[in-house]
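Welcome! Please look over the sequence and the 3D view below, and keep them beside you as you read this briefing.

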Amino acid sequence: MTIATPSYETIKDWKEKMIASHFSDPFRLNEIHDEAMGKVFEIAINRLKLGEPPCEYSWFITGSGGRFEQGPISDQDHGIVYVNSNLEDEHYFAELGKEISHGLNIVGYPYCQGNVMSSNPLWCKSMEKWKQQLFTWMDEATWETVRNLQIFYDARALQGNEFLVRELKDVFYDYEKTHPTLLKRLMENVMHIKNGIGPLGQIIVEEHGTNVGSINLKYTAFLPYVNAIRLLAIKEGIYETSTIDRMNSLVRMNGYSAVLRESRKHFLTLLKYRNSLYKAETYDDTHYLSVKSLSKEEKKEIKRILKDGKRLHQYVSNLIMH
């Protein structure tokens with residue numbers, strides 16, 4: 001199915017129809033997101049009426065998009081790096097970043113609450129300024145700058161020259177090799193995980209609000225896997241961005257195959273559970289799984305996933321902190 005004469009509105013219609021047909025297939029679902037966002041980028045350039053990009057650039061997505069793990073509903077997480085550092089190019093990409101964010105919002109990707117978007121100058125810079133910013137973030141290593149580093153590390157180029165993003169990741173890797181305390185700061189930033197299983201082995205559900213009786217998959221299940229595997233990938237200098245691809249690379253290294261034996265299967269199952277929430281009305285709702293709607297076997301499966309995620313997170317914490 002091709003997109004009709006592209007506009008933000010026709011892309012939105014196309015995306016919604018395609019997701020309705022493919023929401024149960026995590027891989028195809030993310031291909032659809034990539035295609036929709038790529039079309040938004042193309043229209044944004046045309047609407048600017050400033051001509052083609054004046055120098056080499058990379059428009060990258062991060063967050064779940066960067067990791068190729070978006071659900072049926074996803075918000076925005078993206079940035080731009082461009083080669084030339086001058087006022088003209090800065091103006092061009094600043095305007096492009098604003099238009100991209102505007103277009104994505106129309107297409108059905110809500111604005112990022114944390115403002116990780118190309119419309120924010122913090123995430124739209126020349127290569128020279130990006131490198132300066134990375135060094136600042138790494139030197140400061142505050143809670144906020146460490147969080148920004150983790151977000152950036154999941155960046156995946158969607159348009160332009162992918163090697164520009166790789167060049168920035170090299171800055172990150174080279175610094176981390178000579179500053180071992182940085183990895184500890186990264187671990188400290190994600191040390192706390194939301195407990196999903198109670199002392200009697202029961203699944204802990206929300207007791208208040210609109211999602212009573214549901215478990216928050218994002219905080220109890222996804223983040224323990226995503227954060228732990230990201231830290232191992234940083235430690236080992238792995239460029240892949242998806243959690244599954246990172247696991248595959250780690251399994252090929254000495255010492256990780258036994259640790260990750262069950263984790264890949266559990267994470268793939270988790271993606272399918274999350275996509276089963278397709279009918280959720282808002283982005284936040286896509287994280288909540290109703291426990292009472294699960295069969296006895298499904299509840300056991302969720303418990304296995306939660307326990308393995310917690311074990312993996314603890315393993316990585318012990319590896320890095322001791």
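Where does Asn-115 lie? Asn-115 sits in the loop that runs between helix H4 (87–107) and strand S3 (124–126). Please keep in mind that this is a predicted model. Here is a tour by topic, starting with that loop residue.

**Two residues with a positive phi**

- As background, most residues other than glycine have a negative phi.
- Asn-115 has a positive phi, near 65 degrees, and is a residue other than glycine.
- Asn-115 counts as partly exposed, because its relative accessibility is 33%.
- Ala-141 also has a positive phi, of about 50 degrees, although Ala-141 is not a glycine.
- You can find Ala-141 in the loop between H5 and H6.
- With a relative accessible area of 13%, Ala-141 is buried.

**Cysteines without a bond**

- How many disulfides does the structure hold? The number is zero.
- For background, a disulfide is a covalent bond between the sulfur atoms of two cysteines.
- Why is Cys-112 not bonded to Cys-124? The sulfur of Cys-124 is the closest cysteine sulfur to that of Cys-112, but the two are 15 Å apart, which is too far for a bond.
- Cys-124 is in no disulfide either, and the nearest cysteine sulfur to its own, that of Cys-55, is 10 Å away.
- Both of these cysteines are buried: Cys-112 has a relative accessible area of 11%, and Cys-124 has one of 10%.

**Asn-216 and its partners**

- Asn-216 belongs to strand S5 (residues 214–216).
- Is Asn-216 buried or exposed? Asn-216 counts as buried, because its relative accessibility is 6%.
- The side chain of Asn-216 has a polar atom 3.2 Å from the backbone nitrogen of Tyr-219.
- The side chain of Asn-216 also makes a polar contact of 3.3 Å with the side chain of Tyr-288.
- Once neighbours within four places in sequence are set aside, the contacts of Asn-216 are Lys-194, Glu-206, Ala-221, His-287 and Tyr-288.

**The nonpolar cores**

- The largest nonpolar core has 64 residues, and those touching the most other members are Trp-130, Leu-134, Phe-152, Leu-186 and Phe-267.
- Several helices give two or more residues to this core, including helix H5 (127–140), helix H6 (143–153) and helix H12 (296–321).
- Which helix gives the largest share of this core? That is H9, with eleven residues.
- For a closer view, try Leu-186: beyond its neighbours within four places in sequence, Leu-186 is in contact with Val-146, Leu-149, Gln-150, Phe-172, Leu-231 and Ile-234.
- Another core, of 30 residues, lies apart from the largest core, and its members include Ile-11, Ala-36, Phe-41 and Trp-59.

**The cavity and Asp-77**

- As background, rolling a probe the size of a water molecule over the atoms shows where empty space is left.
- How many cavities of 30 Å³ or more does a search of the whole structure find? The search finds one.
- The largest cavity has a volume of about 50 Å³.
- Among the residues lining the largest cavity are Met-37, Ile-61, Gln-70, Ser-74 and Asp-77.
- Helix H3 (residues 63–66) supplies three residues, the largest share of that lining.
- Asp-77 is found in the loop between H3 and strand S2 (78–82).
- Asp-77 counts as buried, with 16% relative accessibility.
- Leaving out neighbours within four places in sequence, Asp-77 is in contact with Phe-60, Ile-61, Thr-62, Gly-63, Cys-112 and Val-116.
- Between Asp-77 and Gly-108 there are 13 Å from C-alpha to C-alpha, and the two are 31 residues apart in sequence.

**The second largest pocket**

- The second largest pocket has a volume of about 500 Å³.
- There are 23 residues lining this pocket, and the closest to its centre are Arg-156, Glu-240, Thr-241, Ser-242 and Asp-245.
- Helix H2 (26–48), strand S4 (156–160), H7, H10 and H11 each provide at least two residues of the lining of the second largest pocket.
- Which element gives the largest share of that lining? H7 does, with five residues.

Methods
Residues are numbered from 1 along each chain as its sequence is written. This is a predicted model: local features need pLDDT of at least 70, side-chain atom pairs count only at pLDDT 80 or more; totals for chains, interfaces and linings use all residues. Side-chain values use heavy atoms; hydrogens and water are left out. A disulfide is a pair of cysteine sulfur atoms within 2.5 Å. Buried means under 20% relative accessible area, exposed over 50%, partly exposed in between (1.4 Å probe, protein chains only). Helices (H or I, at least four residues) and strands (E, at least two) are DSSP runs, numbered from the N terminus. A polar contact is a pair of N or O atoms within 3.5 Å; within protein, one must be able to donate a hydrogen and the other to accept it, and residues adjacent in sequence count only if both atoms are side-chain atoms. Contact means heavy atoms within 4.5 Å. A nonpolar core is a set of buried Ala, Val, Leu, Ile, Met, Phe, Trp, Tyr and Cys residues joined through side-chain atoms within 4.5 Å. On a 1 Å grid over the protein atoms alone, a cavity is a set of points where a 1.4 Å probe fits but cannot get out, and a pocket is an open set with protein on both sides within 12 Å along at least five of seven lines; lining residues have an atom within 4 Å of a point. Grid points are joined across faces, edges and corners, and a volume is the space filled by probe spheres set on the points.
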